[in-house]
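Visitor: I should like to learn how to read this structure. May we go through it feature by feature?

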Amino acid sequence: MKRILITGANKGIGLATVEAALNHHHDVAVVLGVRNIERGQAAIDRLCEHHPARASRLELLEIDVADDQSVVQARDTVITRHGADPYPLFGLVNNAGIGLGSNDIDAVVNTNTLGVKRVCDAFIPLVKSAGRVVNISSASGPKFVSLCSEEMRAFFQDASVNWSEIETLLHSVISQPQDARHFQSLGLGAINAYGLSKACVSLYTMVLARENPELCVNACTPGFIETDLTRPQAEASGASPADLGMKSPEYGTVPILFLLFGMPPTSGHYYGSDAKRSPLHFYRAPGDPEYFGP
Ligand SMILES: NC(=O)c1ccc[n+]([C@@H]2O[C@H](COP(=O)([O-])OP(=O)(O)OC[C@H]3O[C@@H](n4cnc5c(N)ncnc54)[C@H](OP(=O)(O)O)[C@@H]3O)[C@@H](O)[C@H]2O)c1
């Protein structure tokens, strides 16, 4: 069995990824990382309602990616359940995320960027050689980068950047008043906590791939998907999710499954919802020519 851990697995794209992995890969077992055990159990109950045999391939793991202690406890739980040798995980999907449209930069960065770092620090040592790490980023990342100064656009694509440089940038953003003047003084074109958090996730993916050459580490956007994260956008506009172009959570699993179980030609890159490579500094729509740049 290939065991994969998916954070934020109780609903939305995370839950759809659990189901798609079970349906398409019979040698896969999934650890559903959830911050609330009741919501997690309800998700497992739904998955098993018409497919009771799935239960043997599913387990719950309490993990709040925004909390250092919770992540460490979750790591210890996996070791207690499955041991550390041989490596208990084939794959890790950093899916938990919040904050589309939020102005709470601290909270959004803590979950979306620092959360990915926390989980990677704790769990990558448990991922077997040639295993997979998939960071769920967003097209909001390249859109955010496209509005930055030339210097910051270069920063967000720089394969030699290290984590402490990303942390320094985030600290500069968070430590000052979060207004347009402050953002502009840092070369960041727009106040957009979510876009910033995801641009940093895609950049961190390059760092991770460089530091873990034995793994296949990539980021992707699932596309524009109707979930609890995006539905308020439709409600605010008065249009239906479909009219706005939102797709089903199942559609969003395509690049994730490709990066988990397919043959991605590269490590350390960002892929679009069509499972083709995309740039970090401007938006490539699904179906547009694949990006082959640095
Ligand atoms: N939907 C889109 O169009 C879209 C586009 C691009 C990228 N994404 C990304 O896709 C990922 C999944 O989003 P979604 O659309 O499926 O949203 P969603 O339906 O709101 O699901 C988010 C999941 O993350 C969990 N979560 C949030 N904070 C957490 C924390 N601190 N610790 C652990 N779990 C946490 C939530 O758990 P609770 O139920 O406990 O809140 C939920 O399971 C996110 O990273 C999002 O940024 C989504």
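Visitor: How do the residues of the shell around the ligand divide into nonpolar, polar and charged?

Guide: This is a predicted model, in which local features need pLDDT of at least 70 and side-chain atom pairs count only at pLDDT 80 or more, while totals for chains, interfaces and linings use all residues. Residues are numbered from 1 along each chain as its sequence is written. The shell divides into eleven nonpolar, 13 polar and five charged residues; Ala, Val, Leu, Ile, Met, Phe, Trp, Tyr, Cys and Pro count as nonpolar, Asp, Glu, Lys and Arg as charged, and the others, Gly among them, as polar.

Visitor: Which residues are the closest to the ligand?

Guide: They are Gly8, Gly12, Ala96, Gly97 and Thr227, among 29 that surround the ligand (C-beta atom, placed from the backbone, within 6 Å). Helix 1 (residues 12–24) gives the most to this shell, with three residues (helices are DSSP runs of H or I, at least four residues, and strands of E, at least two, numbered from the N terminus).

Visitor: How do helix 8 and helix 10 pack?

Guide: Two packed helices are described by the angle between their axes and the distance between the axes. Helix 8 (residues 163–175) and helix 10 (residues 193–211) pack at about 165°, with axes 10 Å apart (axes are lines fitted to C-alpha atoms over the stretch in contact, and angles run from 0 to 180 degrees between N-to-C directions). That makes helix 8 roughly antiparallel to helix 10 (an angle over 145 degrees).

Visitor: What is the strand order of the open sheet?

Guide: Its eight strands have the order 3-2-1-4-5-6-7-8, with mixed pairing (two strands pair if DSSP finds at least two bridges between them).

Definitions and conventions:
Angles under 35 degrees count as roughly parallel, over 145 as roughly antiparallel, 65 to 115 as roughly perpendicular and the rest as oblique.
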